[in-house]
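Please explain how the charged side chains and one helix of this structure are arranged. The discussion should proceed from individual residue pairs to the packing of the helix.

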Amino acid sequence: MEIKDLQPKAVFEIFDQITRIPRPSKHEEKIREYIIGFAKEHGLACKTDAVGNVVVSVPATPGHEDAPGVILQGHMDMVCESNDKSFDFLTQPIPAYVDGEWIKTKGTTLGADNGIGVAAALAIMTDKSFEHGPIQALFTMDEETGMTGAFGIGEGMIDGQILINLDSEDDAELFVGCAGGVDTQAFFKYQRSMAPADFLYFRIKVEGLLGGHSGGDIHLGRANANKVLARFLFDLMAKHEVVVSEIDGGNLRNAIPRAAHAVIGVHTSRKETVRAALNVYAAELENEYAGIEPDINIVMETVEKPEFAIDQETSVNLVRALYGAPHGVVSMSRALEGLVETSTNLASVKMTDEETITVTTSQRSSVESRKWDIAMQVEAVFLLAGASVKHGDGYPGWQPNMESPIMKMASEAYEELYGVKPAIKAIHAGLECGLFLSKYPHLDMVSFGPTLRDVHSPSERMHIPAVERFYGQLRRTLEKVAGVK
């Protein structure tokens with residue numbers, strides 16, 4: 001069966017079209033054009049703001065004009081991760097397909113985060129089969145890399161009293177709070193030095209890791225490729241003279257790194273010693289991550305002598321900092337059982353032509369002071385290593401309101417339809433709700449969505465039956481807001 005033939009048909013037809021539209025973060029031009037064209041085709045009011053957000057509006061059905069206005073909110077961009085480095089997210093459609101009860105892809109992220117939220121909101125705007133009050137659909141840009149759209153939303157773009165965020169990933173769960181976050185970057189300036197002629201050179205590769213969302217999956221204990229690589233290099237440098245000529249790992253600030261590599265050199269007399277050390281380390285990793293990372297792999301291959309090496313002081317300081325920098329869960333919430341309170345993700349290591357190595361980390365916490373505490377700990381590690389450090393502006397968390405009227409209506413809607421009372425939770429991932437609340441403090445908000453798994457990784461998939469329940473819950477919630485019995 002094709003995606004466009006699944007039920008609810010209107011939602012999946014739109015989602016199928018969205019998978020064919022390039023929409024990496026900061027490149028939302030084509031998906032924005034699609035939404036504007038959709039609104040024009042269906043005679044819906046539409047407006048944009050200076051940063052590129054889009055709002056589509058539909059009036060209340062007759063007799064419900066006085067109902068509170070509802071804003072349905074999702075983001076247009078997607079995380080772009082692929083097992084195939086030649087895959088071009090700017091030009092190629094997502095290779096999505098149906099596999100039993102799941103929609104999957106062939107080696108790329110699916111973009112159901114948040115393509116399914118966008119599809120559901122557009123389907124609602126043209127659904128004539130139920131009664132509702134006034135609805136606005138707000139589609140923000142650049143949520144995944146900076147929440148630029150939410151930060152810069154134009155004056156007067158939205159005017160409802162209720163906001164339903166469609167960017168959650170668990171069926172039968174309602175979210176009423178989220179973590180705030182801040183990115184921290186460290187910059188190592190290095191000098192190019194001659195690569196010793198009497199050394200042998202190898203590429204050490206860490207690959208096969210699951211990766212995942214740095215908020216939603218951080219508690220699962222998955223391996224971080226940057227940390228795995230740094231651990232081996234740290235031990236090697238403690239025992240042998242090692243030069244580093246290249247290092248690279250991870251890609252996105254909000255994805256746990258799945259792969260990393262370094263090109264290193266050791267004296268010719270150390271060749272077999274290094275190979276033996278790598279074999280021992282590989283066995284240790286398999287044992288440590290048994291049942292967590294089934295395909296973890298670290299390999300070494302011989303390469304030609306590189307043009308240059310990173311100066312010894314910088315390479316040692318860099319490896320020490322990467323090995324010593326915190327990663328993973330820092331603390332658990334005492335307010336909500338099972339919720340990660342504070343975490344940090346050692347996201348990426350990149351070399352540039354300007355003789356700079358940039359290390360990007362991402363910190364999250366539902367407690368503002370703890371968010372900055374872990375960010376400062378990360379800063380301290382890299383300052384000690386001689387790097388310069390800067391922090392991003394960050395974004396606020398969303399404090400739970402357990403008396404929220406829209407939360408109660410969404411909960412009742414799900415229970416009425418499916419006979420299950422949904423769990424009320426907060427999420428460790430960042431949602432745009434905190435920013436909206438800081439700009440529009442009167443908003444009553446809730447977030448829900450269908451079941452997605454392994455978002456921000458090429459294993460991302462979406463549960464088809466959960467989409468039907470998600471859309472039914474959304475429709476019934478809007479009816480409740482309008483007073484429809």
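In this predicted model, Lys26 has a relative accessibility of 48% and therefore counts as partly exposed. Its salt-bridge partner is Asp142, with the closest N and O atoms 2.7 Å apart. Lys26 belongs to the loop between helices H1 and H2, and Asp142 to the loop between strand E6 and helix H4, so the pair ties together parts that are 116 residues apart in sequence. Asp142 counts as buried because its relative accessibility is 1%, and buried means under 20%.

A second salt bridge joins Asp183 and Arg253 at 2.8 Å, N to O. Since Asp183 lies in strand E9 and Arg253 in the loop between strands E12 and E13, this pair ties together parts 70 residues apart in sequence. Arg253, at 13% relative accessibility, counts as buried.

Arg203 and Glu301 also meet in a salt bridge, at 3.3 Å from N to O. The former lies in strand E11 and the latter in strand E14, so parts 98 residues apart in sequence are tied together. Arg203 counts as partly exposed at 24% relative accessibility, and Glu301 likewise at 31%. Elsewhere, salt bridges with shared partners join Glu2, Lys4, Asp5, Lys9 and Glu13 into one network. The whole structure holds 31 salt bridges.

Strands E11 and E14 also help to cover the buried residues of helix H6, as do helix H5 and strand E13. Those buried residues are Val274, Leu278, Tyr281, Ala282 and Leu285. They cover an arc of only 105 degrees around the axis, which puts them on the same side of H6. The face turned away from that side carries the exposed residues Glu272, Asn279, Glu286 and Asn287.

Definitions and conventions:
Residues are numbered from 1 along each chain as its sequence is written. This is a predicted model: local features need pLDDT of at least 70, side-chain atom pairs count only at pLDDT 80 or more; totals for chains, interfaces and linings use all residues. Side-chain values use heavy atoms; hydrogens and water are left out. Buried means under 20% relative accessible area, exposed over 50%, partly exposed in between (1.4 Å probe, protein chains only). Helices (H or I, at least four residues) and strands (E, at least two) are DSSP runs, numbered from the N terminus. The arc is that of the directions from the helix axis to the C-beta atoms. Contact means heavy atoms within 4.5 Å. A salt bridge is a side-chain nitrogen of Lys or Arg within 4 Å of a carboxyl oxygen of Asp or Glu.
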